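Welcome! Below are a few short exercises, each with a worked solution. Take a look at the structure first, then try them one by one.

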Amino acid sequence: MSLDRKLLDILVCPDSHQPLILLAGDGLQAVNRAIAAGTVRRGDGSAQAEPLAEALVTRDGRTVYRIDDGIPVLLAEEAISTAQVADFPQA
């Protein structure tokens, strides 16, 4: 399920207020590889155990927010820092 384009146009990161874009391709694969390796922690320190089917990323590529059943989870404590993903493509 993909996000409505109008919704995507108005979504911003709750911390940095940067626009969010869909995370796809190499970025999504890199995050999911790190999740599978057990090295990904959310903002609250808990492990991200499930791979991401869809996600949003800040324009600078530093923060990822998962999308659950078409609903963006825009909570800082649920966010994933891409600094912990060794092969995350640079913005």
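Buried means under 20% relative accessible area, exposed over 50%, and partly exposed in between, using a 1.4 Å probe and protein chains only. The model is predicted, so local features need pLDDT (the predictor's confidence in each residue, from 0 to 100) of at least 70, side-chain atom pairs count only at pLDDT 80 or more, and totals for chains, interfaces and linings use all residues. Residues are numbered from 1 along each chain as its sequence is written, and side-chain values use heavy atoms, leaving out hydrogens and water.

**Exercise 1.** Decide whether N32 is buried or exposed, and find what its side chain reaches.

*Solution.* Start with the place: N32 lies in helix α2; helices are DSSP runs of H or I with at least four residues, strands are runs of E with at least two, and both are numbered from the N terminus. Next, N32 is buried because its relative accessible area is 19%. Finally, the side chain of N32 reaches the backbone nitrogen of L52 at 2.6 Å.

**Exercise 2.** Locate Q48 and list its contacts beyond four places in sequence.

*Solution.* First, find Q48 in the loop between α2 (25–36) and β2 (55–58). Then check exposure: with a relative accessible area of 5%, Q48 is buried. Its side chain reaches the backbone oxygen of E50 at 2.9 Å. Leaving aside neighbours within four places, Q48 is in contact (heavy atoms within 4.5 Å) with I35, V40, R42, R66 and I80.

**Exercise 3.** Which element has the lowest mean pLDDT?

*Solution.* Helix α1 (residues 5–10) does, at 78, while strand β5 (residues 80–81) has the highest, 98.

Terms used:
Polar contact = N/O pair within 3.5 Å; in protein donor to acceptor, adjacent residues only side chain to side chain.
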